[in-house]
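Q: Could we go through this model together before I set anything up? I would like to start with how the terms are meant and then move on to the details.

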Amino acid sequence: MTIHTSPDDPDRDAAGRHLEREAELHAPFLEQAAARLRDLALYGDHTLARVDRILDLGGGPGIASCLLARYFPNADVVTGAHSPSLLARAGARARREGLGHRVRTHRVDLPAGLDALGSADLVWAGDVVHHLGDQQAALDALARVLRPGGVIAVVERGLAPRFLPRDIGIGRPGLQARLDAAHEDWFAELRATLPGARAEVEDWPAMLARAGLVPTGSHSFLIDLPSPLDAAPREHLYAELTHRRALLADRLDAQDLVTLDALLDTDADTGILWRPDAFYLAATTIHTARACGRK
């Protein structure tokens, strides 16, 4: 349920805390993904003897960077993002976790500024490629920074989160499906306005192969938090619904807006902060590929 904004949107900075909360919510999946990448990079076919340098791209708040630093203890990690506020969060987290000497931040505009980051044995592209107009050109650029035998992990799509029953007892059933549809329409319009926008069949393994890499598989990770939810995921859902309410107001009918307002009522038992039927279920997919050659 990542907040989507254009890379140059100032609201991206304001969304920093929400993105950080979401990443914390997804920490178990990130742990599993980091372990799987370690096995693939170092033990899968023994192409790499070690991982010395990692690029974490996508403007995240540093949770993935810190996890990758722990799973690859010989590696320096560079967090590359456009947003200064997100980079500040990433740097602060690395220092809190005692990783400030190995996790460094770098402000970068993608994909133009990618070359300035240097080469890497592992590239983590977390929900970033779909923000770039020409997605194939972006993957081509990412492939060029991989060292021989290096691995790229592209986090794209999966399954949209579900967090409420189809019928929640207020408004018309199916609110969440309509929110997803409205968001898909909004995002399609946003992508059409990105610099160099180009329509692409989003077959990620095929796109990685066209970038000159050898696809090594796709894997989906489940995030499953059953009801009743704790406070942290409820706060995340409240922030996400607040964002969707503002973003999609002109795409939803009056009844759905009334229902959203009821879900955002902090004092009512119909609100997302209190209702006992709230849960969180999502799947995130990671597509991996390797550069040819041995290090």
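A: A term to fix at the outset is accessibility: a residue is called buried under 20% relative accessible area, exposed over 50%, and partly exposed in between. By that scale Glu189, at 45% relative accessibility, counts as partly exposed. Please keep in mind that this is a predicted model.

Q: OK, and which residue does Glu189 pair with in a salt bridge?

A: The partner is Arg251, and the side chains of the two meet with an N to O distance of 2.6 Å. Glu189 sits in helix α7 while Arg251 belongs to the loop between α9 and α10, so this pair ties together parts that are 62 residues apart in sequence.

Q: Is Arg251 buried or exposed, or something in between?

A: Arg251 is partly exposed, its relative accessible area being 30%.

Q: How many salt bridges are there in total?

A: The count comes to 22 salt bridges. One of them joins Glu97 to Arg70, with the closest N and O atoms 2.6 Å apart. This pair also links distant parts of the chain, given that Glu97 is in the loop between α5 (84-96) and β3, Arg70 is in helix α4, and the two are 27 residues apart. Glu97 counts as partly exposed at 33% relative accessibility, and Arg70 counts as partly exposed at 42%.

Q: What about Arg162, which residue does it meet in a salt bridge?

A: Arg162 meets Asp180, again through the side chains, at 2.6 Å from N to O. Here strand β5, which holds Arg162, is linked to helix α7 (residues 175-193), which holds Asp180, and the two residues are 18 apart along the chain. Arg162 itself counts as partly exposed, at 32% relative accessibility.

Q: Why would such side chains pair at all?

A: As a general matter, side chains of opposite charge can pair when their charged atoms come close.

Q: Switching topic, which residues touch the most other members of the largest nonpolar core?

A: Those are Val51, Phe72 and Trp124, in a core that has 54 residues. Helix α3 (residues 27-44) gives the most to this core, contributing seven residues.

Q: And what does Phe72 touch?

A: Leaving out residues up to four places away in sequence, Phe72 touches Ala34, Leu37, Arg38, Ala41, Leu42, Val51, Ile54, Arg102 and Leu122. Apart from the core just described lies another one, of 28 residues, among them Leu57, Ala120, Leu142 and Ile152.

Q: Now the backbone: where are the cis peptide bonds you would flag?

A: The bond from Leu110 to Pro111 is cis, with omega near 0°, and the bond from Ser227 to Pro228 is cis as well, with omega near 0°. Pro111 lies in the loop between β3 (103-107) and β4 (120-126), whereas Pro228 is found in the loop between β6 (214-225) and α9 (231-247).

Q: Which residues have a positive phi although they are not glycines?

A: Asp127 has a positive phi of about 55°, and Arg157 has a positive phi of about 65°. Asp127 is placed in the loop between β4 and α6 (135-145), but Arg157 is found in strand β5 (residues 146-162). Asp127 counts as partly exposed at 24% relative accessibility, and Arg157 is partly exposed too, with a relative accessible area of 49%.

Q: I also had Gly60 on my list, so where does it lie and what does it touch?

A: Gly60 lies in the loop between β1 (53-57) and α4 (63-71), and it touches Thr79, Leu86 and Ala90, not counting residues up to four places away in sequence. Gly60 is partly exposed, with a relative accessible area of 25%. If you want a spatial reference, the C-alpha atoms of Gly60 and Leu114 are separated by 16 Å, with their positions 54 residues apart along the chain.

Q: Last one, what lies 3.4 Å from the side chain of Asp265?

A: The backbone nitrogen of Ala268 lies 3.4 Å from a polar atom of that side chain. Asp265 is found in the loop between α10 (254-263) and β7 (280-290), and it counts as partly exposed at 34% relative accessibility.

Definitions and conventions: Residues are numbered from 1 along each chain as its sequence is written. This is a predicted model: local features need pLDDT of at least 70, side-chain atom pairs count only at pLDDT 80 or more; totals for chains, interfaces and linings use all residues. Side-chain values use heavy atoms; hydrogens and water are left out. Helices (H or I, at least four residues) and strands (E, at least two) are DSSP runs, numbered from the N terminus. Buried means under 20% relative accessible area, exposed over 50%, partly exposed in between (1.4 Å probe, protein chains only). A polar contact is a pair of N or O atoms within 3.5 Å; within protein, one must be able to donate a hydrogen and the other to accept it, and residues adjacent in sequence count only if both atoms are side-chain atoms. A nonpolar core is a set of buried Ala, Val, Leu, Ile, Met, Phe, Trp, Tyr and Cys residues joined through side-chain atoms within 4.5 Å. Contact means heavy atoms within 4.5 Å. A salt bridge is a side-chain nitrogen of Lys or Arg within 4 Å of a carboxyl oxygen of Asp or Glu.
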